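Hi,

Here is the structure I promised to pass on. Have a look at it first, and then read my notes below.

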Amino acid sequence: RSHGSFRNTPNHPHDHHPMTGAHDHNPHPAPPPVLRIAILGSTGSIGTQTLETVDHLNTLHENNQHPTRYEIVGLCARANSTLLQQQSDAHPDATLALTCPDATLKTNRPLIQSKDAATTLIEDTKPDLVIGAIVGIAGLQSTLRAAQLGIDIALANKESLVAGGHLVTQAARESGARILPIDSEHAGLWQTILAITSPTYSPPSPTPLDTIRRVTLTASGGPFRSATLDEIQNASIEQALNHPTWSMGNKVSIDSATLINKALELIEAHWLFGLSADQLDAVIHPQSTVHAFLETTDGSTLAHLGPTDMRCPIQHALTHPHRAPLQAQPLDLTTLSSLDFEPIDPTRFPAIELAKRVIRASSMNSSQNNSSTGAVLNAANEAAVEAFLNHKLSFGNITTIVQDTLDQFPNRVADTFESIIDIHHQAKSLASKLISATSSPTR
């Protein structure tokens, strides 16, 4: 770690250990003068907003408003070589990578091109921080490799923890890598946990579970928050993609409409913070202003509020444990007419109960918590969403396919990367067979 990037290591003599309550004499260690970053998924929404945030922070640095300079040492995309070329022009020292073997990029720069290009990029550049923004199970291998190498991970790829949570968190604990959540809900929850631990706390360090009664993540409710069960069952692709708050890719938009996205986030919170199914919940909050609640055992409730701008959690991950002036429009409380919260109807949105089922299975499977249920849920959902977008499955049957796949797939130990990928393919195959057996295509 040539530039000495900061991390929270319990053995440091000045660190507050969240389980012992030791006094923190140095709550804000000196920030690194340079932070070297590799962005995996650089042409996606998180990747492009990370580059905007880096530009903003570097401008602050040039104006002596922020102590760290950020250097992009690696950019990895799947196939969008046009945008990758533009990004490489702005960051001429970055090594480039494409995970699609058929993509073309005309460059005299170092280029890694293979299905494992993201992992190779990490190994070749050895950055201080990896931005994990590859969509789906494809992001697991590179996330795991960064954790094994002791490289901090700013994580937006929730599937890495849903499918391989045990492997990734165990590798991070052994190497000392930090997992800095970028999802707005987890970033908000992380910041509420900071208030009851230490200013330098970051997962997967132990969380003081004896003081946490319950954690609640918020969901906008998506386009079907007020829809009837029949309307949900027969929703069109256009309706499902019409998210009221966020502009996202098709897969994430559909996951938000079914609330599977919130289910994945609850599973991710389980792995990041060590929370049990009984300590995790979700509520519908249409304004998307409150991102997470933390209720302590003495009855206090801490909430994280923030603007609906992903650059906020990205910036927090890049600067933690320090703070820097905001680039986004700050939240104006005087413009909020109300903050509404509604329970999630399990009949219309069964995804939340599926998440708790997965968390309980992970906790009960063995002392290693390496159940395959998370990988099965993720794979079945991928197959069901693909089928829906291809007019081969009704919207309402997406979560039904996920539940049926969980019911029929035998629970296995997922203790290696290879075993998780094998389970993923087998579960996706089973889900596809179940989809073929249904007779309710979309309109």
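What follows is a walk through what turned up, from the whole chain down to single residues.

One thing to keep in mind from the start: this is a predicted model.

**The whole chain**

You'll be finding your way around 15 helices and 11 strands. The C-alpha atoms fill a box of roughly 60 × 60 × 50 Å along the principal axes. How does the radius of gyration agree with that of a compact globule? For 443 residues such a globule would have a value near 22 Å, and the chain comes out at 21 Å, so the two agree. Of the 443 residues, 58% are buried. Contacts also reach a long way along the sequence: taking those between residues at least 6 apart, 70% join residues at least 24 apart.

**The seven-stranded sheet**

There are two open sheets to tell you about, one described here and one further down. This one has seven strands with parallel pairing, in the order β4-β3-β2-β1-β5-β6-β7. At its edges sit β4 (111–113) and β7, each of which pairs on one side only. On average, neighbouring strands in this sheet are turned by 20 degrees against each other, ignoring direction.

If you want to zoom in on one pairing, try β6 (residues 152–155) with β7: they run in the parallel sense over three bridges. Ile 153 is a handy marker there, as it stands opposite Ile 179 in β7.

**The four-stranded sheet**

The other open sheet has four strands in the order β9-β8-β10-β11, and here the pairing is mixed. Its edge strands are β9 (280–284) and β11, and each of these pairs on one side only. Neighbouring strands are turned by 20 degrees against each other on average, again with direction ignored.

β8 and β9 pair in the parallel sense over five bridges. Two pairs of residues help you find the match: Val 215 has Leu 280 of β9 as its bridge partner, and Ala 219 stands opposite Ile 284 in β9. Is β9 enclosed or open to the outside? Four of its five residues are buried, so β9 is largely enclosed by the rest of the structure.

**Helices around that sheet**

Two helices lie across strands of the four-stranded sheet. α6 lies across β8, β10 and β11, at about 35 degrees to β10. α10, in turn, lies across β8 and β9 and runs at about 150 degrees to β9.

How many residues of α6 (184–194) are buried? The count is 11 of 11, so to speak a helix that is mostly covered. Among these buried residues are His 186, Trp 190 and Leu 194. What they pack against is quite a list: β7 (179–181), β8 (212–219), α10, β10 (290–296), β11 (301–305) and α11 (311–319). Note that β7 on that list is an edge strand of the seven-stranded sheet.

α10 (residues 260–273) also meets α9 (residues 250–258): their axes come within 5 Å and cross at roughly 90 degrees. The two helices are therefore roughly perpendicular to each other. On the α9 side the contact is made by Val 252, Asp 255, Ser 256 and Thr 258, and on the α10 side by Ile 260, Asn 261 and Leu 264. Sorted by class, that gives three nonpolar, three polar and one charged residues.

**Two residues to click on**

Val 54 lies in helix α1 (residues 45–62). With a relative accessible area of 0%, Val 54 is buried. Which residues does Val 54 contact, leaving aside neighbours within four places in sequence? They are Ile 37, Tyr 70, Ile 72 and Leu 318. The contact with Leu 318 deserves a look in the viewer: Val 54 and Leu 318 are 264 residues apart along the chain, while their C-alpha atoms are separated by 8.4 Å.

Thr 119 lies in helix α3 (residues 117–125). Its relative accessibility is 8%, so Thr 119 counts as buried, the cut-off being under 20%. Not counting residues up to four places away in sequence, Thr 119 touches Gln 141, Ser 142 and Arg 145.

Cheers

How values were computed. Residues are numbered from 1 along each chain as its sequence is written. This is a predicted model: local features need pLDDT of at least 70, side-chain atom pairs count only at pLDDT 80 or more; totals for chains, interfaces and linings use all residues. Side-chain values use heavy atoms; hydrogens and water are left out. Axes are lines fitted to C-alpha atoms, for helices over the stretch in contact, and angles run from 0 to 180 degrees between N-to-C directions. Angles under 35 degrees count as roughly parallel, over 145 as roughly antiparallel, 65 to 115 as roughly perpendicular and the rest as oblique. Contact means heavy atoms within 4.5 Å. Ala, Val, Leu, Ile, Met, Phe, Trp, Tyr, Cys and Pro count as nonpolar, Asp, Glu, Lys and Arg as charged, and the others, Gly among them, as polar. Buried means under 20% relative accessible area, exposed over 50%, partly exposed in between (1.4 Å probe, protein chains only). Two strands pair if DSSP finds at least two bridges between them. The radius of gyration is taken over C-alpha atoms; the globule rule is 2.2 Å times the number of residues to the power 0.38.
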